[in-house]
Amino acid sequence: MADLVLLTPHTPATAAVSVVLPGLTLLPHRVTVRPMDLGPLLGTGEPDAFVVDAVSDLAMAHGFLRTLATVGLDRPVLAVVADAGLAVLDAAWPLDDLVLTGAGAPEVSARLRILLGRPRPHGAGAHPVPPSDGIPAPEEIRVADVVVDEAGWSVRAGGQPLDLTFKEFELLRYLVQRPGRVVTRDILLQEVWGMDYYGGTRTVDVHIRRLRAKLGPERESLIGTIRGVGYRFSGPRGADR
């Protein structure tokens with residue numbers, strides 16, 4: 001019997017296991033459900049493995065997996081995904097194994113047994129964060145005087161912190177990682193909101209408008225609109241150095 005922590009944005013938390021991975025409810029493992037919040041997680045004893053819910057919010061799970069890899073908790077990670085989520089999984093997802101949300105108890109048991117019996121690399125950093133589509137993932141990304149701190153989940157503009165929502169942070173980070181590159185609204189929906197999101201591209205426009213407002217009038221032009229296509233974050237990296 002193993003001690004597992006299920007990390008999920010699902011509410012209510014008490015129903016998370018039966019919704020995310022019903023097959024796990026039939027196994028004798030001890031499962032603690034926690035939100036995708038790194039702070040409280042660091043204050044508790046480490047489990048035998050983390051189970052990350054990539055069903056409820058695929059984009060949020062991707063970001064949190066990268067955060068887990070950055071802090072190097074050195075525990076195996078099993079991601080739970082829906083069928084639609086398989087289309088976006090690649091080497092940029094720092095995880096040890098995955099299982100579909102509808103997997104039965106025998107498959108879940110076998111995957112956990114193999115996962116927990118596999119030797120782990122010594123020391124922190126067992127899950128290095130791989131690059132995403134050729135783009136390195138440093139702890140801080142700088143474009144002009146905008147600094148995105150991936151490890152600290154924070155953004156500074158002109159040295160001042162910005163109060164961003166999770167989606168605003170993910171959207172800005174995605175654009176800042178690709179300075180000068182035009183990104184379509186459909187790609188932004190897929191990468192930031194996830195394959196399971198059924199809203200329209202209007203959602204992207206609304207969040208871009210909010211981002212520009214928070215960046216302020218002197219920086220709002222950094223996010224350029226390519227009419228009929230999408231958006232582009234302007235400015236060379238490290239321009240403030």
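**Note on the sheet, helix H5 and the nonpolar cores**

1. Isoleucine 226 stands opposite glycine 230, a residue of strand E12. This is read from a predicted model, and the pairing of E11 with E12, to which we turn now, is antiparallel and runs over four bridges.

2. The open sheet has three strands in the order E10-E12-E11, with antiparallel pairing. Its edge strands, each pairing on one side only, are E10 (182–184) and E11 (223–226). On average, and with direction ignored, neighbouring strands of the sheet are turned by 30° against each other.

3. Two helices should be viewed together with this sheet. H5 lies across E10, E11 and E12 and runs at about 70° to E12, while H6 packs on the sheet, touching E10, E11 and E12, with its direction at about 75° to that of E10.

4. Is H5 largely enclosed or not, and why? Ten of its eleven residues are buried, so H5 is largely enclosed by the rest of the structure; the buried residues include Lys167, Glu168 and Arg173 as well as Leu171, Leu172 and Leu175.

5. The largest nonpolar core has 28 residues, and among those with the most contacts inside it are Val155, Leu188, Ile223 and Phe233. The elements giving two or more residues to this core include helices H5 (166–176), H6 (185–193) and H7 (202–215), together with strand E12 (230–233). H5 gives the largest share, six residues.

6. Leucine 188 deserves a closer look: leaving aside neighbours within four places in sequence, leucine 188 is in contact with Leu171, Tyr174, Leu175, Val183, Trp193, Val204 and Tyr231. Apart from the largest core lies another, of 21 residues, among them Leu6, Val20, Val55 and Ala103.

Methods: Residues numbered from 1 in each chain as written. Predicted model: local features only at pLDDT ≥ 70, side-chain atom pairs only at ≥ 80, totals over all residues. Heavy atoms only, no water. Core = buried A, V, L, I, M, F, W, Y, C linked by side-chain atoms within 4.5 Å. Buried < 20%, exposed > 50% of the residue type's maximum accessible area, 1.4 Å probe, protein only. Contact = heavy atoms within 4.5 Å. Pairing = 2+ DSSP bridges. Axes fitted to C-alpha atoms, helices over the stretch in contact; angles between N-to-C directions.
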